[in-house]
Amino acid sequence: MDRKVLIQKRNQIRSPIREEKEKAIVETLKPFLKGNIGLYVPIKGEVDIFRPFKHLSVYLPVVTSNTDMEFVKYEDNLQKGSFGVLEPVGTFIDKNLMDIIVVPMVGFNHTIRMGYGKGYYDRYLKDFCGLKIGVAFDIQEDLSILKKAHDVEMDMIITETRRILKCE
């Protein structure tokens with residue numbers, strides 16, 4: 001499946017079913033969220049894990065160039081940034097001080113993640129030593145997604161039903 005189809009499938013999940021699915025993902029994710037946590041502000045129907053956890057020590061991505069992003073502490077200070085995505089304003093955190101990064105996905109196959117195709121997360125995560133958790137709805141699974149040389153696998157992926165898929 002291509003990205004557009006996967007995004008359309010994700011966007012077809014409507015309330016109140018969407019809220020039930022997100023709640024299940026949030027409950028499974030909760031025990032892993034300790035220390036400095038990288039999250040994201042959801043776009044295009046991504047799983048919303050920002051609202052339930054924004055009160056924690058949260059850092060959000062900020063696009064800094066055509067190829068790179070950094071994380072900045074969230075302090076109720078969002079403004080529209082690159083691609084119209086809400087981003088915080090502030091100082092970048094050293095990625096070595098981050099404990100976990102929760103990553104949005106367009107699709108997945110086991111612990112292989114498909115994003116929007118620009119490679120921002122793959123470049124950022126390639127030397128990240130903390131826990132990498134992808135979150136998605138079951139409907140986003142696509143067994144035709146294959147790992148490419150530049151892809152960074154997730155340590156685990158959490159969906160609403162298959163709670164945790166650990167990397168072998």
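Here is a walk through the fold, from the whole chain down to a few residues.

Keep in mind that this is a predicted model, so local features are taken only at pLDDT of at least 70 and side-chain atom pairs only at pLDDT 80 or more, while totals for chains, interfaces and linings use all residues. Residues are numbered from 1 along each chain as its sequence is written, and side-chain values rest on heavy atoms, with hydrogens and water left out.

Let's start with the overall build. The chain has four helices and 11 strands; these are DSSP runs numbered from the N terminus, with helices (H or I) of at least four residues and strands (E) of at least two. The C-alpha trace spans about 40 × 35 × 30 Å along its principal axes. For 168 residues, a compact globule would have a radius of gyration near 15 Å, and the chain agrees with that at 15 Å. That radius is taken over C-alpha atoms, and the globule rule is 2.2 Å times the number of residues to the power 0.38.

How much of the chain is buried? Buried residues make up 48% of the 168, where buried means under 20% relative accessible area, exposed means over 50%, and partly exposed is in between (1.4 Å probe, protein chains only). The accessible surface comes to about 8600 Å², and 54% of that belongs to carbon and sulfur atoms; the areas come from the Shrake-Rupley method with a 1.4 Å probe, and for residues only the protein chains shown count as cover. As for charge, there are 26 positive and 24 negative side chains, and the centres of the two sets lie 3 Å apart. Lys and Arg count as positive and Asp and Glu as negative, with His and the chain ends not counted; each charge is placed at NZ of Lys, CZ of Arg, CG of Asp or CD of Glu.

Contacts (heavy atoms within 4.5 Å) tell us how the sequence is brought together. Among those between residues at least 6 apart in sequence, 62% join residues at least 24 apart.

Now for the inside. In soluble globular proteins, nonpolar side chains tend to be buried together. Here the largest nonpolar core has 41 residues, and Leu29, Ile49, Phe71, Ile101, Val102, Leu125 and Val135 have the most contacts inside it. Helices H2 (17-29), H3 (50-53) and H4 (120-125) each supply at least two residues of this core, and so does each of the strands E2 (58-63), E3 (69-73), E6 (100-104), E9 (131-135) and E10 (156-158). Apart from this core lies another, of six residues, including Leu6, Val106, Met114 and Ile145. A core in this sense is a set of buried Ala, Val, Leu, Ile, Met, Phe, Trp, Tyr and Cys residues joined through side-chain atoms within 4.5 Å.

A few residues show how the pieces meet. Leu29, in helix H2, counts as buried at 0% relative accessibility. What does Leu29 touch beyond its neighbours within four places in sequence? Its contacts there are Ile49, Phe53, Val102, Ile133, Val135 and Ile158. Leu29 and Val135 are 106 residues apart along the chain, yet their C-alpha atoms are separated by 8.7 Å.

Leu39 sits in the loop between strand E1 (37-38) and H3, and at 0% relative accessibility Leu39 is buried as well. Past four places in sequence, Leu39 touches residues including Ile49, Phe53, Val58, Phe71, Val102 and Tyr121. Its partner Val58 lies in strand E2 and is buried at 1%; leaving aside neighbours within four places, Val58 is in contact with Ile37, Leu39, Phe53, Val72, Lys73 and Tyr74.

Over in helix H4, Tyr124 is buried, with a relative accessible area of 4%. Beyond four places in sequence, Tyr124 is in contact with Met69, Glu70, Phe71, Ile93, Lys95 and Ile101. With the same cut in sequence, Leu125 touches Ile101, Val103, Lys132, Val152 and Met154.

Finally, some backbone details. The peptide bond from Ser15 to Pro16 is cis, with omega near -5°, and Pro16 lies in the loop between helix H1 (3-11) and H2. Asp76, a residue other than glycine, has a positive phi, near 55°. Asp76 is in the loop between E3 and strand E4 (78-80) and counts as exposed at 66% relative accessibility. Phe83 also has a positive phi, near 60°; Phe83 belongs to the loop between E4 and strand E5 (86-88), and at 60% relative accessibility counts as exposed.
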